[in-house]
Amino acid sequence: MSATLQTIRAFAAADARLVGRDALLRWLLLIPLGLALLARKVLPDIVAHVGGLIGRDLLVWYPMFMGYALLLIGPSLCGLIVGFLFLDQRDEGTSAALRVTPVPLARFVLWRLASPTLLCFVLGAVSLLLAGLAKNPLHAAVGALAAAPLAPLYAMTLAAFAQNKVQGLAVMKAAGVPLFAPILLPFVSGTWKAVLTLVPTAPIARALWEWETCAPLLWLAAAWGWSGLIGFLLFRRFRARG
């Protein structure tokens, strides 16, 4: 057990150095908070002005859609950082070295993914409250808890499909577009609603929007279940690639 802890400490120190020497990675975590301030102070006036130009009250939808967007931004950035750590590890050959340490690969991956999951929960809740898009701390906590497992999902997507950081950014962009699709849920019904509900980020939207009913428990379970299943499949591909 002591050998395992020593190995984890060594990798934790290496991760801290990798993030610390990359200015882009250090600043990425401040983006959700900056966007939250914009969402509170600047964007409502812009949305109201645009609504006036087209004769629509867009502010009616603003809290729903902006809150959902903020919950997706934090996990995507945290996932990008951790995904880059996996790619750096592959480039430097430490992935191969890990296989001969006392730490099983699955345990190491779970440990590395735990930190961004917790961080995204905190960032998500703080961002919603800072933006004034949560009715109370419980509302913010429900939305943030649903979105938290999205961070490791992004990270494992990069680790499973990208060869380097350039490819990682391309993969992130390609994966990010369909994950915003559930924003259309209030406007569709029937088959389209069922299809959109299958998108991994749909439970995040439903948990945030339906938090005052008993539904959030269902959508929280769905968010974590979907992410866990897809994350397991991505881990198997990551492990097979070496």
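**Notes on an all-helix model**

1. Let's start with Ser-227, which counts as buried because its relative accessibility is 10%, and the cut-off for buried is under 20%. Keep in mind that this is a predicted model. Ser-227 sits in helix 13, which covers residues 215–241. Once neighbours within four places in sequence are set aside, Ser-227 touches Pro-149, Leu-150 and Leu-153. Of these contacts, Leu-150 and Leu-153 fall in helix 9 (150–161).

2. Now the overall make-up. You'll count 13 helices and 0 strands in the protein, so the pattern along the sequence is simply α-α-α-α-α-α-α-α-α-α-α-α-α. The protein has 242 residues, and 46% of them count as buried.

3. How much of the contact map links residues 24 or more positions apart? Among contacts in the protein with a separation of 6 or more, the share is 75%. On the outside, the accessible surface comes to about 12100 Å², and carbon and sulfur atoms account for 71% of that.

4. Next, the core. In soluble globular proteins, nonpolar side chains tend to be buried together. Here the largest nonpolar core has 57 residues, and the ones with the most contacts inside it are Phe-86, Val-109, Met-156, Ile-204 and Phe-238. Two or more residues each come from helix 3 (31–41), helix 5 (62–92), helix 7 (105–131), helix 8 (137–147), helix 9 (150–161), helix 10 (165–179), helix 12 (202–209) and helix 13. Helix 5 gives the largest share of this core, with 14 residues.

5. Phe-238 is a good residue to click on if you want to see how the core is put together. Leaving out neighbours within four places in sequence, Phe-238 is in contact with Phe-86, Val-109 and Met-156, among others. Those three are also on the list of core residues with the most contacts. The remaining partners of Phe-238 are Arg-90, Leu-105, Ala-159 and Ala-160.

6. Finally, what about empty space inside? Searching the whole structure turns up 1 cavity of 30 Å³ or more, and the largest cavity holds about 40 Å³. Which residues line the largest cavity? They are Pro-32, Leu-70, Leu-71, Gly-74, Pro-75, Cys-120, Leu-123, Gly-124 and Ser-127. Helix 5 and helix 7 each put at least two residues into that lining. By type, the lining residues split into 6 nonpolar and 3 polar, with no charged ones.

Technical notes
Residues are numbered from 1 along each chain as its sequence is written. This is a predicted model: local features need pLDDT of at least 70, side-chain atom pairs count only at pLDDT 80 or more; totals for chains, interfaces and linings use all residues. Side-chain values use heavy atoms; hydrogens and water are left out. Helices (H or I, at least four residues) and strands (E, at least two) are DSSP runs, numbered from the N terminus. Buried means under 20% relative accessible area, exposed over 50%, partly exposed in between (1.4 Å probe, protein chains only). Contact means heavy atoms within 4.5 Å. Accessible areas come from the Shrake-Rupley method with a 1.4 Å probe; for residues, only the protein chains shown count as cover. A nonpolar core is a set of buried Ala, Val, Leu, Ile, Met, Phe, Trp, Tyr and Cys residues joined through side-chain atoms within 4.5 Å. On a 1 Å grid over the protein atoms alone, a cavity is a set of points where a 1.4 Å probe fits but cannot get out, and a pocket is an open set with protein on both sides within 12 Å along at least five of seven lines; lining residues have an atom within 4 Å of a point. Grid points are joined across faces, edges and corners, and a volume is the space filled by probe spheres set on the points. Ala, Val, Leu, Ile, Met, Phe, Trp, Tyr, Cys and Pro count as nonpolar, Asp, Glu, Lys and Arg as charged, and the others, Gly among them, as polar.
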